[in-house]
Amino acid sequence: MQKKSLHRDLVFIASNFANFPQAITSLEKRGETLVNNLQVFNKVTDDIRKVPGDVGKDIQGKCERVILANKDLEEIQNIAKVLKGSCNAQDIDMNIESVACFGYAPVTSAEVERSFSQLKHILSDRRHSLTPDNLKKMLVIMCNQATLVI
C-alpha cells in the first residue's frame, strides 16, 4: 500500500515540478539580469497556479502567502518594467540612475551569500591595517576575478 502511494506522489512531483531545479539554478546564476530573473520567477508562479488537486491548492496557498509577505516584490517588478522600457522611471517615483543600478540585482540570496563567503577572507581578524581604499581595490579584483572564472 505504501509503495503505491509513494509511486503516485513521485509521479505527481515529476509531472508538476520538474522545471523547479532548472529554475532555481537559473535564479542562483551569477550575472543574470533582474528582468530575466523575474521572468523565471513569474513562470514558476504561473506553473504553481496550474498544479491540480488538493495538494496543488495547498502549494498555491503557501506560494501566495510567501509572495504577499514580500512587500518589495511589487517595487522590484515595477523597476523591471522600467528596465524593459514598459514605463518611465518617473512613473514609479525613482530617478533613472537608481533604476539602472537594479539592472543586475540578484533576486535570491545566493549571490549575497557568495559575497559574504569571499569577504570573510578579506576582512579576517588577522588584518589590522586594511584601509577603505585598499578594501575597495581588493573588492574590484575579487569581482573581476570571479567573472573571469566563469
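## Salt bridges and pockets

Let's start close to the beginning of the chain, at Asp-9, a partly exposed residue with a relative accessible area of 36%. Keep in mind as you look around that this is a predicted model. Asp-9 has a partner: its side chain meets that of Arg-8 in a salt bridge, at 3.9 Å from N to O. The cut-off for calling a salt bridge is a nitrogen to carboxyl oxygen distance within 4 Å, so the 3.9 Å of this pair qualifies. Arg-8 itself is exposed, with 54% relative accessible area, because the label "exposed" applies over 50%.

Stay with helix α1 for a moment. The helix covers residues 2–17, and Ile-13 sits in it. Is Ile-13 buried, exposed or something in between? With a relative accessibility of 45%, Ile-13 counts as partly exposed. For a sense of scale, follow the chain from Ile-13 to Arg-127: the two are 114 residues apart in sequence, and their C-alpha atoms are 49 Å apart in space.

Back to charge pairs. Side chains of opposite charge can pair when their charged atoms come close. How many salt bridges does a search of the whole structure find? The search turns up six. One of them joins the side chains of Asp-47 and Lys-43, at 3.1 Å from N to O. Why do these two fit together along the chain? Both belong to helix α3 and are four residues apart, so about one helical turn separates Asp-47 from Lys-43. Their surroundings are worth a look too: Asp-47 is buried, at 15% relative accessible area, whereas Lys-43 counts as partly exposed, at 48%.

Next, find Arg-49 and Glu-64, whose side chains also form a salt bridge, again 3.1 Å from N to O. Arg-49 is in helix α3 and Glu-64 in helix α4, so this pair ties together parts of the chain that are 15 residues apart in sequence. Arg-49 is partly exposed, with a relative accessible area of 45%, and Glu-64 is partly exposed as well, at 30%. The story doesn't stop with that pair, though: Asp-46, Arg-49 and Glu-64 are joined into one network by salt bridges that share partners.

Now for the empty spaces. Rolling a probe the size of a water molecule over the atoms shows where empty space is left. The largest pocket holds about 320 Å³. Its lining is made of 15 residues, and those nearest the centre are Leu-38, Asn-70, Leu-73, Val-107 and Thr-108. Which helices supply at least two residues each to this lining? They are α3 (34–49), α4 (53–69) and α5 (73–84), and α3 gives the most, with three residues. Sorted by class, the lining of the largest pocket has twelve nonpolar residues, two polar and one charged.

The second largest pocket has a volume of about 260 Å³. It is lined by 13 residues, with Phe-20, Phe-41, Val-44, Ile-48 and Cys-63 the closest to its centre. Helices α2 (20–28), α3 and α4 are the elements that give two or more residues here. This time the most comes from α4, with five residues. As for class, the lining of the second largest pocket has eleven nonpolar, one polar and one charged residues.

Definitions and conventions: Residues are numbered from 1 along each chain as its sequence is written. This is a predicted model: local features need pLDDT of at least 70, side-chain atom pairs count only at pLDDT 80 or more; totals for chains, interfaces and linings use all residues. Side-chain values use heavy atoms; hydrogens and water are left out. On a 1 Å grid over the protein atoms alone, a cavity is a set of points where a 1.4 Å probe fits but cannot get out, and a pocket is an open set with protein on both sides within 12 Å along at least five of seven lines; lining residues have an atom within 4 Å of a point. Grid points are joined across faces, edges and corners, and a volume is the space filled by probe spheres set on the points. Ala, Val, Leu, Ile, Met, Phe, Trp, Tyr, Cys and Pro count as nonpolar, Asp, Glu, Lys and Arg as charged, and the others, Gly among them, as polar. Buried means under 20% relative accessible area, exposed over 50%, partly exposed in between (1.4 Å probe, protein chains only).
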